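Thanks for coming. I will put the model on the screen and go through a few of its contacts.

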Amino acid sequence: TYYGWNTLDGLFFTSLGAYIYLHSNEKMIPQLLAFLLIGLAPLFKQNFLAVIPLSYVCLCDIKKKYHLLFISIFPSLIYLALIRSFGGWEEMRIQFTSYTSILGPGFFAYIQNKATHRGVIFGLLWIFSMRWMLKRPLRIIEKFKAFSPLVVCAPLLLFFFYGAVVWWQGKYTYKYPFTLFGFIFVLLLTFIVNEAKSKNFKNTQIALFPLGVAWVTGISGGYITPILGGAPIISLILLFSFKKIEEFNFPEKFRAREMVVVIAFFSFFPCWIYGRYNFIYGEYTASKLVHPLDGLLPGGSGLYTTKNNYLAFKSLNQIVEKYENYELALIPDYPGFWVGFHQLNPLPIGWANVFELANPKVYERFSRELKQLSGSKNQLVVLQKFAGYTFSILGEGEVLPLHDKREFILHVQKNFTLIDENEFFGVYRP
């Protein structure tokens, strides 16, 4: 599974706002509420700032509804004012400039991806086959009779079958959304060309919105894939398919729409369920996640993990209980440790990974404050012994030593005093 955490929150508020606006019947209060909800999305994930102009351009009449643009940026203005008043302006500026290139995740990740190319090819095949068959609908219906809707929908069903196979095998689950993106991109281009002839772009604007939101979810500094946009993209594909199917004027008994939905559902959904349980990002299959986190991690009730993670959390809890009167700093991983913990993190970052510390200024500040920790203030550093990412790619009980040679980790190992340790962690006094 990709994109947990705050990306889902941003996507939820964006979707809810768009839904309310499209059902507002031009009433002022629902429209204001809708764009206020859309404006809340960037507070959860900064890349959702792009959703604000996207929503304004795609959903409403930009010449008449400037007030909706203002209400959507209002939450961000309040947020910036609070940051400024609490003295965090410079830190926010450093964070915003940590990732300087949008071309990589937002452009090259698509045009250089073979999965996107496959989607474009599927889209072109579908369009050309539809146009070819539209020229000969009577001949097709006469020849195949009751099977004619299936023949018309064959390229689309082939596309869904391909997706089902991908998910069943657990291959390209990260890349398949790019295939969906390429497919619907070609369909949208065709739709735009057709609407340009009538000079009516309202439907195109609305259709571009879910595609744009899918793109926004993929420009994060984390997992670069539009996977959370997969569902709205599939919905768009079905809508375009229905529009084309209507052009054939099938007799009502053929029910071509229902055929597409049923076959797509029964070919894709079971395989998605199978893939969801057997190909979990960064984890074993669901059947091997049998160790409960209840009592080991705040909010862990009902969650299960591998034996390696279970033992690591158990070891960490033993250290926390033993040194409950000390102020602890935990490096480099385990950001979930701070959720619900009774003390604040003495360091300016909860997860000292290479992505979060990519900006030299952020790294220097983190390293400086780590070195300023003092044993006289009852401060201790808990350093993990093993690389956490290996817990789920190795067998149970197998772990790899932490080969992280970054300067701040070497500093702790060389200049701080090791006063305690267990199987997974070492405790150092500054």
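Start with K322 and D420, whose side chains meet in a salt bridge, N to O at 2.8 Å. This is a predicted model, so keep that in mind throughout. K322 belongs to helix α15 and D420 to strand β5, and the two are 98 residues apart, so this pair links distant parts of the chain. Are the two partners buried or exposed? K322 has 55% relative accessibility and therefore counts as exposed. D420 has a relative accessible area of 18%, which makes it buried, the cut-off for buried being under 20%.

How many salt bridges does the structure hold? There are four, and I will cover two more.

One of them is E421 with K385, where the closest N and O atoms are 2.7 Å apart. E421 sits in strand β5, while K385 is in the loop between β4 and α17, 36 residues away. E421 is partly exposed, at 46% relative accessibility. K385 is partly exposed too, with a relative accessible area of 28%.

Another joins E407 and K371, again with the closest N and O atoms 2.7 Å apart. Here the link is between helices: E407 is in α17, and K371 is in α16, residues 360-371, with the two positions 36 residues apart in numbering. Both ends are partly exposed, E407 with a relative accessible area of 35% and K371 with 38%.

Now the sheet that these strands belong to. What is the strand order? The order is β3-β4-β6-β5, an open sheet of four strands with mixed pairing. β3, residues 327-331, and β5, residues 417-421, are the edge strands, each pairing on one side only. On average, neighbouring strands are turned by 30° against each other, direction ignored.

Let me take β6 with its two neighbours. On one side, β4, residues 379-384, runs antiparallel to β6, residues 425-429, and four bridges join them. Within that pairing, V381 has Y428 as its bridge partner, and V382 stands opposite V427. On the other side, β5 and β6 also run antiparallel, and four bridges join them. E421, which we met in the salt bridge with K385, has G426 as its bridge partner in β6. The connection from β5 to β6 is a hairpin through three residues.

Why is β6 described as largely enclosed by the rest of the structure? Because four of its five residues are buried.

Two helices should be mentioned with this sheet. α15, residues 307-322, lies across β3, β4, β5 and β6, and runs at about 30° to β6. α17, residues 407-415, packs on the sheet and touches β3, β4, β5 and β6. The direction of α17 makes about 115° with that of β4.

Last, the largest nonpolar core, which has 22 residues. Which of its residues touch the most other members? These are L180, F183, I184, L187, L211, I233 and I237. At least two residues of this core come from each of α6 (103-111), α7 (114-134), α11 (176-198), α12 (202-217) and α13 (230-246). Of these, α11 gives the most, with nine residues.

That is what I wanted to show. I can go back to any of these views on the screen.

Conventions
Residues numbered from 1 in each chain as written. Predicted model: local features only at pLDDT ≥ 70, side-chain atom pairs only at ≥ 80, totals over all residues. Heavy atoms only, no water. Pairing = 2+ DSSP bridges. Axes fitted to C-alpha atoms, helices over the stretch in contact; angles between N-to-C directions. Contact = heavy atoms within 4.5 Å. Core = buried A, V, L, I, M, F, W, Y, C linked by side-chain atoms within 4.5 Å. Buried < 20%, exposed > 50% of the residue type's maximum accessible area, 1.4 Å probe, protein only.
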